[in-house]
Amino acid sequence: MGHRAGIDKVRFTKGVTADDYDNDGYPDFYVSNGGDENFLYHNNHDGTFTDLAKQLGVEKPLISFATWFFDYDNDGWPDLFVTSFLQSVTQVARSYLNLPVETETLRLYKNTGKGGFRDVTHEVGLDRVLMPMGCNFGDVDNDGFLDFYLGTGAPSYAALVPNALFRNHGGQYFVDITTSSGTGHLQKGHGVAIGDLNNDGDEDIFIKIGGAVPGDKYASALFKNPGHPGTNWLKVQLEGVKTNRSAIGARLTATVLEGGQRRKICRTVNAGGSFGDSPFQQHIGLGKNSQVESLEVWWPTSNTRTVFHDIQPNQLLKIKEFEKEFTTSKLRSFSFARTPMKDTGHSKHHHNP
């Protein structure tokens, strides 16, 4: 069946992610390989796929690991993130010191909206070497732009480098806020989940800690988000009818009024990055905005759209495919006993283009 579909290439695959990168209504998927070129399988609408990675310039890093699609700049087109994975503490240290490195860095490919991608890694400040294995993305400061957390490490006992949190600055560049947020756990990080675990309106971070051998074990870590006063949010739980029940692949577009101008916040229902898993329930940070002018849901299988208007923030919406009304729920929050991660609002830029 794989041969008939055109996806029977054999490689040392590390990560797979799916999204409709060209917005034609059919899901495509990207395959991250360790030690070889990566694949971007374009959906041909007939049960077959064509690998366009080299043609579109997204075949690198050649030694890669985790990967995902996410719309980091909220323009409605899925962008592609791929992590490099050379096992070298020396190169990581050189990267921290802003010295030239002798290996591949992380890669961020911006979707051009014209069927292709552009490598924006340097201009957004992500030309870093960090040895990430487990990682995931979410909006940790409720500004409507997706941030991400990297779990780092390698099988060697000596491969201890801080796990890293990057804040998305308005869809323009990313800032390393690991130190200011207190999330730089030194032990090896694998599976990462980002979600509002205690229903207080801010997304928390959970990371599975430990190495490749039994003696290199460590307790997992949960970082409580301290919150960002004055920001609002919206949670959306979708239920598919013709579309799969979990609504995987459905698109959400929230429109808010900010500074007299309308701004769109875009989300796709998925579990986040590879080597990590986050809730299908979508958490949408709204920044300082106190009302959502509209919320549009696109259901992929039925190819239908539902639009709701004038939605109050800080509540959970439950929306079922084909229904014209939603139900709301107030969430009961609770407190964690441990010390929260520090405020992420004040930090120095790693890169300022």
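Here are some questions and answers about this predicted model.

User: Let's start with the sheet that holds β5. Which strands stand at the edges of the sheet with the order β5-β6-β7-β8?
Analyst: This one is an open sheet of four strands, and the pairing is antiparallel. An edge strand here pairs on one side only, and two strands fit that description. They are β5 (64–70) and β8 (117–119).

User: By how many degrees are neighbouring strands of that sheet turned against each other on average?
Analyst: Take the strands in their order, β5-β6-β7-β8, and look at neighbours. Ignoring direction, the average turn between neighbouring strands of this sheet is 20°.

User: Which residue in β6 stands opposite Thr67?
Analyst: β5 runs antiparallel to β6 (residues 79–84), and five bridges join them. Thr67 has its opposite number in β6, and that residue is Val82.

User: Moving along to β7, is Arg107 buried or exposed?
Analyst: Arg107 is found in strand β7 (residues 107–111). Leaving aside neighbours within four places in sequence, Arg107 is in contact with residues including Leu80, Phe81 and Val82. Its relative accessible area is 16%, and because the cut-off for buried is under 20%, Arg107 counts as buried.

User: Which side chain does a polar contact of 3.4 Å join to that of Arg107?
Analyst: Don't mix this up with the general contacts of Arg107, which include Lys60, Pro61, Asp119 and Thr121 once neighbours within four places are left aside. The polar contact of 3.4 Å links the side chain of Arg107 to that of Tyr109.

User: What is the peptide bond from Lys60 to Pro61, cis or trans?
Analyst: You'll find Pro61 in the loop between α2 (53–56) and β5. Omega for the bond from Lys60 to Pro61 is near 10°, and the bond is cis.

User: How far apart in space are Phe117 and Pro78, C-alpha to C-alpha?
Analyst: Phe117 lies in strand β8, and at 11% relative accessibility it counts as buried. Not counting residues up to four places away in sequence, Phe117 touches several others, among them Tyr21, Leu40, Phe69 and Pro78. Phe117 and Pro78 are 39 residues apart in sequence, while the C-alpha to C-alpha distance is 9.8 Å.

User: Now for some loops. Is Asn98 buried or exposed?
Analyst: Asn98 sits in the loop between α3 (89–96) and β7. Its phi is near 60°, a positive value in a residue other than glycine. With a relative accessible area of 58%, Asn98 is exposed.

User: Which residue's backbone nitrogen lies 3.0 Å from a polar atom of the side chain of Asp143?
Analyst: Asp143 is in the loop between β9 (132–138) and β10 (147–152). It counts as buried at 14% relative accessibility, and it touches residues including Arg167, Arg263 and Gly285, not counting those up to four places away in sequence. The backbone nitrogen at 3.0 Å belongs to Phe145.

User: Which strand gives the most to the lining of the largest pocket?
Analyst: The largest pocket has a volume of about 630 Å³. Of the 43 residues that line this pocket, the closest to its centre are Leu252, Cys266, Arg267, Thr268 and Gln282. Several strands each supply at least two lining residues, including β5, β9 and β17 (251–258). The strand that gives the most, with four residues, is β18.

User: Which residue takes a positive phi in the hairpin of β20 and β21?
Analyst: β20 (residues 292–299) and β21 (residues 304–311) pair in the antiparallel sense over seven bridges. Within that pairing, Trp299 stands opposite Thr304. The hairpin has four residues between its strands, and the one with a positive phi, near 55°, is Asn303.

User: In the other four-stranded sheet, why is one side of β19 and of β23 left without a neighbour?
Analyst: The order there is β19-β16-β22-β23, with mixed pairing in an open sheet. β19 and β23 (327–329) stand at the edges, so each has a single partner strand.

User: Which residue in β23 is the bridge partner of Leu316?
Analyst: β22 (residues 316–320) and β23 pair in the antiparallel sense over three bridges. The bridge partner of Leu316 in β23 is Ser329.

Definitions and conventions:
Residues numbered from 1 in each chain as written. Predicted model: local features only at pLDDT ≥ 70, side-chain atom pairs only at ≥ 80, totals over all residues. Heavy atoms only, no water. Pairing = 2+ DSSP bridges. Axes fitted to C-alpha atoms, helices over the stretch in contact; angles between N-to-C directions. Buried < 20%, exposed > 50% of the residue type's maximum accessible area, 1.4 Å probe, protein only. Polar contact = N/O pair within 3.5 Å; in protein donor to acceptor, adjacent residues only side chain to side chain. Contact = heavy atoms within 4.5 Å. 1 Å grid on protein atoms, 1.4 Å probe; cavity = no way out; pocket = protein on both sides within 12 Å on 5 of 7 lines; lining within 4 Å. Points joined across faces, edges and corners; volume = space filled by probe spheres on them.
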